[in-house]
Amino acid sequence: MSEQMEQHGAGSEVVLSAAGVVKEFPVKGKPPLRALDGVTLQAARGRVTGLVGADGAGKTTLIRIAAGLLAPTSGTVTLLGLDSVADSLEIQSRIGYMPQKFGLYQDLSVMENLALYADLRGVPMHERQQRYDRLLTMTDLSRYTTRRAGALSGGMKQKLGLACALVKSPEVLLLDEPTVGVDPVSRRELWKIVYELVERDQIGVFVSTAYLDEAERCSDVLVLHRGRLLAQGPPTRFTREMRGRVFLVAAANTMKPRQIYTRLAGSGGIVDVTIRSGRVRTVCEEPGDGPIRDSLNGAQAEINSADPTFEDAFMSLIPREPAPFRIEATASAVSQDRRGSVGVDNDMAVSTTSLYKMFGDFAAVKDLSFGVRHGEIFGLLGPNGAGKSTTFRMLCGLLPASSGEIRVAGQDLRRSRAKARLRLGYMAQQFSLYGQLNVLENLKFFGRVYGLVGKQLHRRIDWAFNEFGLGEWQDKAAFALPGGYKQRLAMAAALLHEPQILFLDEPTSGVDPFARREFWLRINGFAEQGVTVVVTTHFMEEAEYCDRMLIMSQGQTLAMGTPTVIRDLVRSAELPEPTMDDAFIGLAEGRVRPDSVASGERAGMMDGGRS
Amino acid sequence: MTRFLMRLRGFLRKEALQIVRDPSSIVLALVMPMVLLVIFGYGVNLDAEYVPVAVVNDDHGVMSRDLVARFELSRNFHVYHARSMEQARQMIQLRDVDAIVRVQNDFSARLQGAATPPDQAPVQLIVNGIDANRARLIEGYVKNIAGTWTAVRIAYGQAAARQAVSVQQRIWFNEGAESRDFMIPGLITLIMTLTGILLTALVIAREWERGTMEAMLVTPLRKMDILLGKILPYYFLGMLGMGMSVVVGVAIFDVPFRGSFAALFLLSSLFMLASLGFGLFISAAIRIQFVAAQVSIVAGFLPAFFLSGLIFDLESTPTAIRVVSHIVPARYFVTISHTLFMAGDLWTVLLPNALVLAGMAIFFLALAFRKIAKRLE
């Protein structure tokens, strides 16, 4: 086998190839589910081949077949000239593989995890120390060798997972969504490590990702949709085809970008709408900005053409679902009478004053003061372990504060927690639905928990069916719903009792780009209707949809303000158009000094509950 | 070092570290057996002690007082003196006592042959029959006391030789008729079944849940490595728990141990391997810890509990159930442990049971080996 391979040139040698791969999973009482439908592709040594696609596109299935974990129903996958089914053991001794959950033993320390994989992969004893040193330096984990893997932050776990996959220098590295749920700083570091390896060892890397900006870092991109390969090529080829179709729309008068965004979303001739750097990025079906002008209907706006990205290409490549989401003028998330009952004594929907949360000696949240105004979308951002979730739980009254004051919907959370809870809706990270109950039963349950009965309950459930398109799914068990619909159901459940304030904890993690776009469109709609939204996310570009945001790190405020204010913090001669990611990384790495943060907040935004 | 030994060393070291750092396996293997043994050892005592009885003595002679004194001295009874039968009846209705012993007014006279015909000197016994087992026990104790008393009297030449209450009891092996001596070895079997199956059933399912199994499979690890790596650590842990149970049984509950420790070690190893193999098969087939635990209880522990002959006498069960009981490994080990504890190394009894257990251990381990997959499907 190896002789055959050596005949090829080092640069273009194919290390992974799939020919007509079909993979079907049996479904009880139904025709089998076809996860892969005739996929043919190739990946070369010394290159990073990216596999992008929405949830359920078949990315993980394809990588698992390549790793010998699954056998294709028909077709063949060849790795390093070896058949993935017949020679799986031989393949497994020559590749590195990092599954989505990293494959680390939580009870074992960093070094013990590395030693385990070195033993399993048969790394000779005399080579080990050198290998460990190199991997630990590369992943910057040298200081943490005795720490248990379970106590590492998400980004560190991911780097350790990568180090374990690399402990015996592999010829091919398979990475299954390695950056899911990891903050931008860690994501950047991981890509740096991967490229170092590719350049130094000339290995072939095959990586699946849900982050479209990462596709641009790959040498080759494969777009997978519903088990079929839609396109293949270097990222530049994808962006070249999009020239003249991407525009930035900026509001000329008092109109908020969000309002323009809502107007353009789902209009004819427009493929994709997002808010980026304070402007509405719009992708048209054909070259030319005609559809944008039609949709704006004479509203004052400045339209500039923009350089296309891979994400624009991806969104126009994937066939869209029919019946795009529109906000109904008649249906309302919160009825008028509920909106009127907002406490007038306090101008803020949510406010905290010098909030602390101690876990033993460890301060998870330190001196946090901020305010969220009524009808505002407020983002809580920060790297893993920054204290976002702790803050969030305190705001919802799930965790008592160690000291400081929290007011939610005009109620002091220390004294009248139950009263405050009636006015807030909460959607937890894991969606907290009852998997065995169907959609209707879930809604009825959550409605009754909040005291809705009879006609009122029926009226709200009807609203949820219309608003979220859940009607046709009402008899389906919650666990069997597709990811996007689970999220819709969770949100509907949180909104049934017409809360004034909606708390959303990482609502878009593990949801594909389509569902994410739809989600933000809907959140916008609710905000327009007067619902206050507090949301955490680790997708920095999503921060653009927020009116204001708070960036946390190590339990403290790093920066607070509008997206423009935050971006301006890192604006410089080298970086005239910073993105949210740039701002975040600048803040996290300490390149932006705290005093400039404070002044940015003061200049850019009115006082947000700070005293 | 060969590749195989290196892989095995890595795997075993990982399991050992996990056992030490995640207390759940230690709790399961060492703490739970002790707790169960103490609860069952003290709580499930089939002997009746200090049974409250009402004694109505209508005969006021020396003989009858002597008989009543026997009841008072026995640790099986706690005697309440009732003045009349009426009062005694009230006591039994209020459940203050479980039985009434009535000595009739002509007791002394009859014993001395004064009454005609001079045959029996009956003692009336009335037992609350709601708990039939307990009633039978009380009946036995009363007969026993009456018999002993009569025997003593005869020995002194006081009573008529022809008396009726002559219950002759002889119990083998469990001389003290201590149900505890019978229960503790059986309990050790049950505990080993539970821990053996649960230990392995949970550990692989846990790896599936945490996503570590997927990473393990994409290493050069062979199926045999996984089998050995999972069986060996939990075999040692399980045997340690077993050893502790035996020590506690002998030291705290005074259960006799008449066999050899070598035989116990050998035979319980066979049983432990069968349990571990069964657990490993469950966890290779079911990848969710919660379900694996439930299946272990239903398919492993409950059959051992009901069909091992420990709680229910298999001789008195319907034929169908007796046939089914032959596939329960615990059945064979209950016989083995009873023999080792109470009789000694009787190889005529031990050997056939040991052979069956060995066969079962091989069967379950082979089944587990087949079921361990290097693929996700």
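**Exercise 1. Placing Glu544(A)**

Find which residues Glu544(A) is in contact with, leaving aside its neighbours within four places in sequence, and work out whether Glu544(A) is buried or exposed in this predicted model.

*Solution.*
- Step 1: set aside everything within four places of Glu544(A) in sequence, and the contacts that remain are Ile275(A), Arg276(A), Pro563(A) and Met580(A).
- Step 2: look up the local element. Glu544(A) sits in the loop that runs between β22 (532-536) and β23 (548-553) of chain A.
- Step 3: count C-beta neighbours. There are 27 of them inside 10 Å of Glu544(A). The cut-off for a buried residue is 20 or more, so Glu544(A) counts as buried.
- Step 4: try a long-range pair. Tyr211(A) is 333 residues away from Glu544(A) in sequence, and their C-alpha atoms are 16 Å apart in space.

**Exercise 2. Leu135(A) and Glu196(A)**

Decide for each of Leu135(A) and Glu196(A) whether the residue is buried or exposed, and say which helix holds it.

*Solution.*
- Step 1: start with Leu135(A), which belongs to helix α5 (residues 125-139) of chain A.
- Step 2: count around Leu135(A). You get 20 C-beta neighbours inside 10 Å, so Leu135(A) counts as buried. The threshold is 20 or more.
- Step 3: list the contacts of Leu135(A) beyond four places in sequence: Ala163(A), Leu166(A) and Val167(A).
- Step 4: check a C-alpha distance. Leu160(A) is 25 residues from Leu135(A) along the chain, and 8.9 Å separates their C-alpha atoms.
- Step 5: move to Glu196(A), a residue of helix α7 of chain A. Glu196(A) has 11 other C-beta atoms within 10 Å, so it is exposed; the limit for exposed is 12 or fewer.
- Step 6: do the distance check again. Glu196(A) and Met138(A) lie 58 residues apart in sequence, with 9.1 Å from C-alpha to C-alpha.

**Exercise 3. The pair α6(A) and α7(A)**

Describe how helix α6 and helix α7 of chain A pack: what is the angle, how far apart are the axes, and which residues meet?

*Solution.*
- Step 1: get the geometry. The axes of α6(A) (residues 154-165) and α7(A) (residues 184-201) are 9 Å apart, at an angle of about 15°.
- Step 2: classify the angle. Anything under 35 degrees counts as roughly parallel, so α6(A) is roughly parallel to α7(A).
- Step 3: add the handedness, which is right-handed for this crossing of α6(A) and α7(A).
- Step 4: name the partners. On the α6(A) side they are Gly155(A), Gln158(A), Lys159(A) and Leu162(A), and these meet Val185(A), Ser186(A), Glu189(A), Leu190(A) and Ile193(A) of α7(A).
- Step 5: sort them by class, which gives four nonpolar, three polar and two charged residues.

**Exercise 4. The pair α10(B) and α14(B)**

Run through the analysis for α10 (residues 261-285) and α14 (residues 347-371) of chain B, starting with the angle at which their axes cross.

*Solution.*
- Step 1: the axes of α10(B) and α14(B) come within 8 Å and cross at roughly 25°.
- Step 2: that angle makes α10(B) roughly parallel to α14(B), and the crossing is left-handed.
- Step 3: pick out contact residues. Those from α10(B) include Leu267(B), Phe271(B), Phe278(B) and Phe281(B), while those from α14(B) include Leu357(B), Met360(B), Phe364(B) and Lys371(B).
- Step 4: tally the classes for this contact: 21 nonpolar residues, one polar and one charged.

**Exercise 5. Helix α13(B)**

Compare the span of α13(B) with the expected value, then find how many of its residues are buried.

*Solution.*
- Step 1: α13(B) covers residues 329-343, 15 in number, and stretches 21 Å between its first and last C-alpha, close to the expected 21 Å.
- Step 2: 13 of those 15 residues are buried, so α13(B) is largely enclosed by the rest of the structure.
- Step 3: look just past the helix, where Gly344(B) has a positive phi of about 120°.

**Exercise 6. Whole-chain numbers**

Tabulate helices, strands, buried share and long-range contacts for chains A and B.

*Solution.* Read off each row in turn.

| Quantity | Chain A | Chain B |
|---|---|---|
| Helices and strands | 22 and 24 | 14 and four |
| Buried share of residues | 48% of 611 | 39% of 377 |
| Contacts at least 6 apart in sequence that join residues at least 24 apart | 72% | 79% |

Conventions: Residues numbered from 1 in each chain as written. Chains lettered and ligands numbered in written order. Predicted model: local features only at pLDDT ≥ 70, side-chain atom pairs only at ≥ 80, totals over all residues. Axes fitted to C-alpha atoms, helices over the stretch in contact; angles between N-to-C directions. Helix = DSSP H or I, 4+ residues; strand = E, 2+ residues; numbered from the N terminus. Parallel < 35°, antiparallel > 145°, perpendicular 65-115°, else oblique. Left-handed = near helix turned anticlockwise from the far one by under 90°. Contact = placed C-beta atoms within 7 Å. Nonpolar A, V, L, I, M, F, W, Y, C, P; charged D, E, K, R; others polar. Expected span 1.5 Å × (residues − 1).
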